[in-house]
Every structure is written in structure tokens, then in C-alpha cells.
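Here are a few friendly notes to read alongside the structure. Take them one at a time, and find each place in the viewer as you go.

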Amino acid sequence: MLRGKNLIYPTDFTVEQLEALFCLTDKIIARPDQYANSCNDKILATLFFEPSTRTRLSFEAAMQRLGGKVLGFADSASSSATKGESLADTIRMISCYADIAAIRHPAEGAAHVAALHSFIPVINAGDGGHQHPTQTLTDLYTIRAKKGRFHDLTIGLCGDLKYGRTVHSLIHAMCRYENIHFVLISPPELQVPDYVIREIEAAPGCSYSVDPDLDSAIRQVDILYMTRVQRERFSSQEEYLRLKDSYILDTQKMQNAKPDMIVLHPMPIVNEITGAVDEDPRACYFVQAQYGMYVRMALILSLLGAEDGPATVCGGRMFEKTCQNPRPNGTVHCKNPKCVSNLDLTLPIRVKDGGKVCEYCDAAIEE
Ligand code: NCD
């Protein structure tokens, strides 16, 4: 069903497709041996232009556990990007070597650009402070396992809601379900971007409230999604140091939470959750990280069309195919300096929502 698709936003898959993916994840967890050769002659490229431990290694472990092989790089210094190669050209070449690619890049919209120029399925493994859909698959699978539903939930999101791409993707995904209330817990400087607020406002089944006080917010939530303050996205280190300890979840705060509340965190944890909380049965972030590999196994299988037999999507050998890569027209600019269109000036400007929004990074654009 997902054969040949890309995953750039979590909503690139319908809720039914997500449920099928999670059912496949259930099956893989129950009988991993049955999938051990599903991707025998297939290659995953991991293109990591930004640091990662869990995401890259869980992708690589996922492909290897499916019998496939992995190639790629773990930082941009070891890629041709340092020589000035465009992302479009890099992904075209990778399409000749691999069957599927996972890309992480500091520029917002980079994975979308890669997908536009790729001949193989592209998975967004994090594009700057924008989106991180495979973390969302992991988050959703954990919510499904621990709460048994995606509706009627109050979800507290705490910490760096401005730069935390996992927060943006999770909200984006949850906005499709019924009776979801988001409690946004952050200092004013780290509030969610406007485009995310607009998504909540446009979702008929969702609402939100802002409560910068974790002590009071924790009492009402079914899920508490903690995040670290994203040091690498700050232009001022002074500002980072001022905000980095805004929230620390400790056992005292946990006492005020519902007995069946769960704590999630995309990891890595810096100091926003004290070690003693790990022992609380409501702390689910380690099991959440474990699910990540299995969900990615299901994702790779589905995108390669290998859920029930040998993969049907194959990269390589596309000598005849050509790609468009027009030059920018210079009349419309994305205001977001971190947008991929402002870093790679060979990219055309692309807009959506009647020309008001940048298609790469979701920021408002100006004429
Ligand atoms: C997250 C990310 O990279 O955005 N990590 C991850 O992939 N699990 C969260 C973070 O780095 O804080």
C-alpha cells in the first residue's frame, strides 16, 4: 500500500495506512525471524548531514535485521556537500546506488527537496527544526501500545516547542484524531511556530491551551511529551544557557500526575528528566526508543513493497531518466533563513496554500 512512497510529513500516510504499518510492526515484534530475509538484496542509504545516534543506528539496525545492507555517511564533512554539491545532485546519484534513502539535514525542507529529485523512496529522518516523521511513528506506536487509542487524549508537550521538530510532527499527526487537547508547556521564547498553531486551529477534533507551569499542567495530561532544549538551533549561546533548565521533570512533579499518565521523550535526554524518574513505571521513553527500530523495519518493508514477499521497489540503473532543476526566479523569498531554499540557491521557490506558505519549510513567504 505504501510501496514507492516517500515519508516527509507524518501525514503523508493516511490513518488507515498508519494502522496497517503498526499492525506490521506488531507482527515483526512477535516473529522477527519471519522477516529476516525480506530485504536480502536491498540497500538503504543513510545520508546524515547532522549528528544522530538513535535514528541513524535504528535505521541501520532495521535494514540489517531485514537482511538488507546499508551505506552512507554520518556527518556532512564526509560527503560531497563540503565540495558544494547540491542536495538534488547528491540524491540523484544515491538513487543509482541504493533502493531507499533516509536523510537527516540541518536545513528545513531538505528531505522534501531530496524527494523531489529522487528515483527511490526518501524518508525524512529530521530536517532542521521542521519535522521528524519517523520519530512520530515511534511516538504513535508507543501511544497505541500504552494507551490503546489515538482519541480522547490530553497531551502535554513540554520544553523546546519552537525548535523541537518531533513536537511539530507529533502535533501534525495527532491533529487528525478526535478530541485531542494539547497543553503547550514552554517559556514564551520557545513556543510552537505559528504554522503548527494554525494546524491545531484548523483541526476540527483538536484544541490547545498554553500553560508555562509544568507543576499545574502535569495534573491534567494523559501523556507528557518532554523535550530537550535544542542547543544546536540557537543563534545565541547566551539565550540557550538562559533557557536550558526551564523544565526539569522530577519525582516530586510526578506525584501530581495521573496514575496512568505516560511520559514520552524522543531522546537524547540532557537534564530535563532526573534519573530517579526512570524507575517510575509511567516513564516509557526507553521502551519508546526500542519500538523505534521495529517501526522503521515496518516502514522500510512497506516502502519497498516487501511486506509479504520480495521487495518490488528497486533503485539503480536509471541512466535514461532526467530531472528538472530550474533556477530561482528571484521574485518570491522564504523569510525563514533556515529554509533549504535559502541555503541552496539553485532550488526554485515553491509555494502552497494559495502562494502564502513555503512548500519546503511551512514558513510564511513574502513577495
Ligand atoms: C530528536 C531529534 O533528532 O530531533 N532525536 C531523535 O531523533 N530521537 C530529538 C532531539 O534531538 O532532541
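**Notes on the ligand, a helix and some cysteines**

1. Start at the ligand: one of its oxygen atoms sits 2.8 Å from an N or O atom in the side chain of T55. Keep in mind as you look that this is a predicted model. R104 also takes part, with a polar side-chain atom 3.1 Å from an oxygen atom of the ligand. M267 uses its backbone instead: an N or O atom there lies 2.9 Å from a nitrogen atom of the ligand.

2. How much of the ligand's accessible area does the protein cover? On its own the ligand has 310 Å² of accessible area, and the protein covers 94% of that.

3. Now look at who surrounds the ligand. T55, R104 and M267 are in this shell, and their companions include H132, Q135, R165 and T166. Further along the chain you will find R228, Q230, P266 and P268 in the shell too. Sorted by class, the shell has 5 polar, 3 charged and 3 nonpolar residues.

4. Next, try a small check on helix α5, which runs over residues 133-147. With 15 residues at 1.5 Å a residue, the helix should span 21 Å. The expected span is 1.5 Å times one less than the number of residues, so the last residue adds no extra step. In the model the end C-alpha atoms of α5 are 20 Å apart, which agrees with the expected value.

5. Stay with α5 a moment longer. Is this helix mostly covered or mostly open? It is mostly covered, as 13 of its 15 residues are buried. Right after α5 comes G148, whose phi is positive, near 75 degrees.

6. How many disulfides does a search of the whole structure find? The count is 0. C175 is in no disulfide, and its nearest cysteine sulfur, that of C206, is 4.3 Å away. The cut-off is 2.5 Å, so a pair of sulfur atoms at that distance does not qualify. C339 is likewise in no disulfide, with the sulfur of C358 as its nearest, 3.8 Å away. C175 counts as buried at 11% relative accessibility, and C339 is buried at 0%.

7. Finally, visit A203, in the loop between α7 (194-202) and β7 (206-210). Is A203 buried or exposed? Its relative accessible area is 8%, so A203 is buried, given that buried means under 20%. From A203 you can also look across to E178: they are 25 residues apart along the chain, and their C-alpha atoms are separated by 9.2 Å.

Notes: Residues numbered from 1 in each chain as written. Predicted model: local features only at pLDDT ≥ 70, side-chain atom pairs only at ≥ 80, totals over all residues. Heavy atoms only, no water. Helix = DSSP H or I, 4+ residues; strand = E, 2+ residues; numbered from the N terminus. Buried < 20%, exposed > 50% of the residue type's maximum accessible area, 1.4 Å probe, protein only. Near = heavy atom within 4 Å. Polar contact = N/O pair within 3.5 Å; in protein donor to acceptor, adjacent residues only side chain to side chain. Areas by Shrake-Rupley, 256 points an atom, 1.4 Å probe, with all protein chains shown as cover. Nonpolar A, V, L, I, M, F, W, Y, C, P; charged D, E, K, R; others polar.
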